[in-house]
Amino acid sequence: MPLHLWTSAKYAIPLPDGHRFPMPKYALLRERVLAEGLATPERLHDPGRAAVDDLLLVHTREYVRYVTDGTLPADAQRRIGLPWSPAFVERAYRVVAGTCAATEAALDAGVAMNLAGGTHHAFADHGEGFCTFNDVAVAIRRLQRDGRIRRAAVVDLDVHQGNGTHAIFAGDASVYTFSMHGARNFPFHKVPGTLDVELEDGTDDDAYLARLAEHLPRVLHEASPDLVVYLAGADPHERDRLGRLRLTFDGLMRRDAMVLEACREVGIPVAVTIAGGYGRDVHDTVTVHTNTVRVATAFA
Ligand SMILES: [Zn+2]
């Protein structure tokens, strides 16, 4: 099966000069994926907008309304880290829809990917760290509601801990949350998931992949999921501004392959989201994400 990908021009929004969020990465990633022949335009889909009812499976009615109307208190908007605008709202809704569509497609095709998403710092009632709505949580809850899955596992390999995702699924045995992240990195108040693996600053390819190989089979065994949602963050890369780890392009591709291979071995579909990436050069971040697409095409 060819790999199907979700992306949208509306994933990116204008930001003030000097803003540290790498908004150009979405368009650059789309261009690279096409230029390198990893997908044809027919396999790139615009997801449209998520339904409010789907958002409400995870988020409070008040929070969804405040985000949508632009009436979040200033400190809550600041905590998200992106300025409010109609485009900000459109982006937030579309990113969720992209992950919803990718999870649905993964159930049929084995692997599918949103060229955005993994907004794991979003909680039920607030956002932080550039995350507004929790796309992964909404996608999982939606498939559970529709009876398409019973159990899910989140494999979160962004360098930052998935605190929002962990809080949303706390106490819910149907969703296993696994996060491998920098011990000394944001968020400084971590919310325990089902399994957290903390990494020292400067962790390199071999050490990282050894830790992953040690834990991944156990995660899949204990979670026994009908679907894995994989957050393939680019921020463990050695030239990331925020990551503090030392993974190479090759190490990150081996990471992606290890996750997809482990899932294929036990027949579990995987939906991939790109999550974070803050390379000093945005093209490095785009290379990591493009390589994730490259690896995913081999498993589709
Ligand atoms: Zn991150």
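Start by selecting Thr-292 and showing its surroundings: leaving aside residues up to four places away in sequence, Thr-292 touches Met-113, Ala-232, Arg-255, Asp-256 and Val-272. Keep in mind as you click around that this is a predicted model. Is Thr-292 buried or exposed? Its relative accessible area is 2%, and the cut-off for buried is under 20%, so Thr-292 counts as buried.

Now widen the selection to the helix around it. Thr-292 sits in helix H10, which covers residues 282–299. Hold on to that helix for a moment while you bring up the sheet.

Colour the strands next. Eight of them make an open sheet, and reading across you get E2-E1-E3-E8-E7-E4-E5-E6, with parallel pairing. Go to the two ends: strand E2 (44–45) and strand E6 (195–199) are the edge strands, each pairing on one side only. Back to helix H10, which packs on this sheet and touches strand E1 (5–6), E3 and E8. Look along E3 and compare directions: the helix makes about 160° with that strand.

Zoom in on E3 and E8 themselves. Select residues 111–114 for E3 and 270–273 for E8; the two run parallel and are joined by four bridges. Which residue of E8 is the bridge partner of Val-111? Pick Val-270 and you have it.

Next stop, the nonpolar interior. The largest nonpolar core holds 97 residues. To find where its contacts pile up, select Leu-5, Phe-133, Ile-140, Leu-157, Phe-178 and Tyr-208, which have the most contacts inside it. Then add helix H5 (residues 86–109): this helix gives the most to the core, with eleven residues.

Stay with Tyr-208 and show what is around it. Not counting residues up to four places away in sequence, Tyr-208 touches Leu-157, Met-180, Leu-199, Thr-203, Leu-245, Leu-247 and Arg-255. You've met Arg-255 before: Thr-292 touches it too.

Finally, zoom out to the whole protein chain. You should be able to tick off ten helices and eight strands. The radius of gyration is 17 Å, close to the 19 Å from the globule rule for 300 residues, so the chain is as compact as a globular protein of that length. Along its principal axes, the C-alpha trace spans about 45 × 40 × 40 Å. Of the 300 residues, 58% count as buried. Switch on a surface and you are looking at about 11,500 Å² of accessible area, 51% of it belonging to carbon and sulfur atoms. If you draw the contacts with a separation of 6 or more, 75% of them link residues 24 or more positions apart.

Key
Residues are numbered from 1 along each chain as its sequence is written. This is a predicted model: local features need pLDDT of at least 70, side-chain atom pairs count only at pLDDT 80 or more; totals for chains, interfaces and linings use all residues. Side-chain values use heavy atoms; hydrogens and water are left out. Two strands pair if DSSP finds at least two bridges between them. Contact means heavy atoms within 4.5 Å. Axes are lines fitted to C-alpha atoms, for helices over the stretch in contact, and angles run from 0 to 180 degrees between N-to-C directions. A nonpolar core is a set of buried Ala, Val, Leu, Ile, Met, Phe, Trp, Tyr and Cys residues joined through side-chain atoms within 4.5 Å. Buried means under 20% relative accessible area, exposed over 50%, partly exposed in between (1.4 Å probe, protein chains only). The radius of gyration is taken over C-alpha atoms; the globule rule is 2.2 Å times the number of residues to the power 0.38. Accessible areas come from the Shrake-Rupley method with a 1.4 Å probe; for residues, only the protein chains shown count as cover.
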